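Visitor: Please take one part of this model and go through it closely, naming the cut-offs as you go. I would also like to hear what can be set beside it elsewhere in the chain.

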Amino acid sequence: MSYVDEVLAKVKEKNASEPEFLQAVEEVLDSLRPVIEANEEEYKKQALLERLCEPERQIKFRVPWVDDNGQVQVNTGYRVQFNSAIGPYKGGIRLHPSVYIGIIKFLGFEQIFKNSLTGLAIGGGKGGSDFDPKGKSDMEIMRFCQSFMTELFRHIGADTDVPAGDIGTGGREIGYMFGQYKRLRNSFEGVLTGKGLAFGGSLARTEATGYGLLYLTREMLKTNGIDIAGKTICVSGAGNVAIYAIQKAQQLGAKVVTCSDSTGWIYDKEGIDVALLKEIKEVKRARLDAYAAARPSAEYHDKKAEGSNVWDIKCDIALPCATQNELGIDDAKTLVANGVTAVAEGANMPTTLEATEYFQKNGVLFAPGKAANAGGVATSALEMSQNSERLSWSFEEVDQKLEQIMVNIFRNLDAAAKKYGFEGNYVVGANIAGFEKVAEAMLAEGIV
């Protein structure tokens, strides 16, 4: 049995109840086989893969808070500090009822390679809670965030672990958490990213993940002789990533015709109206049926009633920007049958392994999330730099740095794929390019 297979067997036995984490580990280790086999004796002696797949630290804690009726509620909080070989832990905080340790470990493991790919000095981590901010008042969210930070503050810091936003954690939540951290530590430091501009946030951070997705997608297409201008794009999601992916895609001359939320999806044959979408999702916090009601060219489809989704629409490029495993094998077959040219992941692992393999076998250009959605964490690291220098860069300056980072990510993963004989396989390329830097640092730092 090879070293990779030995480690996979151990990980599966130890984490049998965490399918998302197992999926992420299997996908990464399988694609790293050529690198591991070339260094198998040394890596095995140093137990490099075992250490890579085991978090340095896992923190689980209760989060008691009081709702507006005076009733005490209790949620569970998590922070997984996965790997600090190349820098302080960096990764978001997810607030969603689906959160449990397996989700946080999957996200933290992916973050190791994503952060490495940016070329910046940040390690991998992730956190969150099963708290659901939907339907909660601002005061309820504040009380939860303050309670959450009352424990988390012991484990984070500007040079230790720098959390950020994620699903359910936006500028409001980050603000409340930062305020509580500052109060508890009596210290104003860049411990969280995604902060408001008035207290250390970075311009372009809101747009960064969506913009970065399009910068990498454009570079991938360009490398393969394709111009993004004039292409039809289907996007899933209607949150931060999706909105700014749609905006940047249309700035680059493409036409985006879909978006979705948890209840339904929109097909707008004239192209998504970004200003209207922002008004509905960011200001009114309403459902997408309100978009269709205000836009005659748009059709609203109820997911439960119809069983359909955005991938049923014919397009040149698909950008899944909602959540993990949202795009399955049946969706992949539909997209391929409709002539899709490229798929780039805006969310974390939104495409199942089976669907990913189907795209690759059918010649579809495929950019994995650890590369394609790295723009958010890259700009978070730029926010950390600005905080350290007590400076604030212009939107254009940050955006230019982001664009160059995303172009470099694609070029590096493309080169890694070619180096190991996997030209055009950007999943393998991204994993190898992210892994090599982390492995080198881990070996240099000894058995820690």
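Guide: What follows begins with a sheet, then turns to a second sheet and a pair of helices.

The model is a predicted one, in which local features need pLDDT of at least 70 and side-chain atom pairs count only at pLDDT 80 or more, while totals for chains, interfaces and linings use all residues. Residues are numbered from 1 along each chain as its sequence is written, and side-chain values use heavy atoms, with hydrogens and water left out.

The part to look at is an open sheet of 5 strands, whose order is 1-2-4-3-5 and whose pairing is mixed. Strands here are DSSP runs of E with at least two residues, helices are runs of H or I with at least four, and both are numbered from the N terminus; two strands pair if DSSP finds at least two bridges between them. At the edges of the sheet stand strand 1 and strand 5 (161–164), each of which pairs on one side only. Averaged over the sheet and with direction ignored, neighbouring strands are turned by 20° against each other, where angles run from 0 to 180 degrees between N-to-C directions and axes are lines fitted to C-alpha atoms, for helices over the stretch in contact.

Strand 2 is a good place to start reading this sheet. On one side, strand 2 (residues 72–83) is joined to strand 1 (residues 57–66) by 10 bridges in the antiparallel sense. The hairpin of these two strands has 5 residues between them, and within that hairpin Gly70 takes a positive phi near 85°. On the other side, strand 2 pairs with strand 4 (residues 123–129), again antiparallel, over 6 bridges. Tyr78 of strand 2 can be followed in both directions, since Lys60 stands opposite Tyr78, and Gly128 is the bridge partner of Tyr78 in strand 4. For Gly77, the bridge partner in strand 4 is Ser129.

Helix 6 (residues 101–117) packs on this sheet, touching strand 1, strand 2, strand 3 (89–95) and strand 4, where contact means heavy atoms within 4.5 Å. The direction of helix 6 makes about 155° with that of strand 4.

The second sheet can be read in a similar way. It is open, has 7 strands in the order 9-8-7-6-10-11-12, and is mixed in its pairing. Its edge strands are strand 9 (298–302) and strand 12 (365–367), each pairing on one side only, and its neighbouring strands are turned by 15° against each other on average, direction ignored. Within this sheet, strand 6 (residues 232–236) runs parallel to strand 10 (residues 317–320), the two being joined by 4 bridges, and Cys234 has Ala318 as its bridge partner in strand 10. Helix 10 (residues 240–251) packs on the sheet, where it touches strand 6 and strand 7 (255–260), and its direction makes about 170° with that of strand 7.

A helix pair completes the tour. Helix 1 (residues 3–14) and helix 2 pack at an angle of about 175°, their axes being 11 Å apart, and this angle makes helix 1 roughly antiparallel to helix 2, a term used for angles over 145 degrees. From helix 1, Val4, Val7, Leu8, Val11 and Lys12 meet Phe21, Leu22, Val25, Glu26, Leu29 and Asp30 of helix 2.

Key: Angles under 35 degrees count as roughly parallel, over 145 as roughly antiparallel, 65 to 115 as roughly perpendicular and the rest as oblique.
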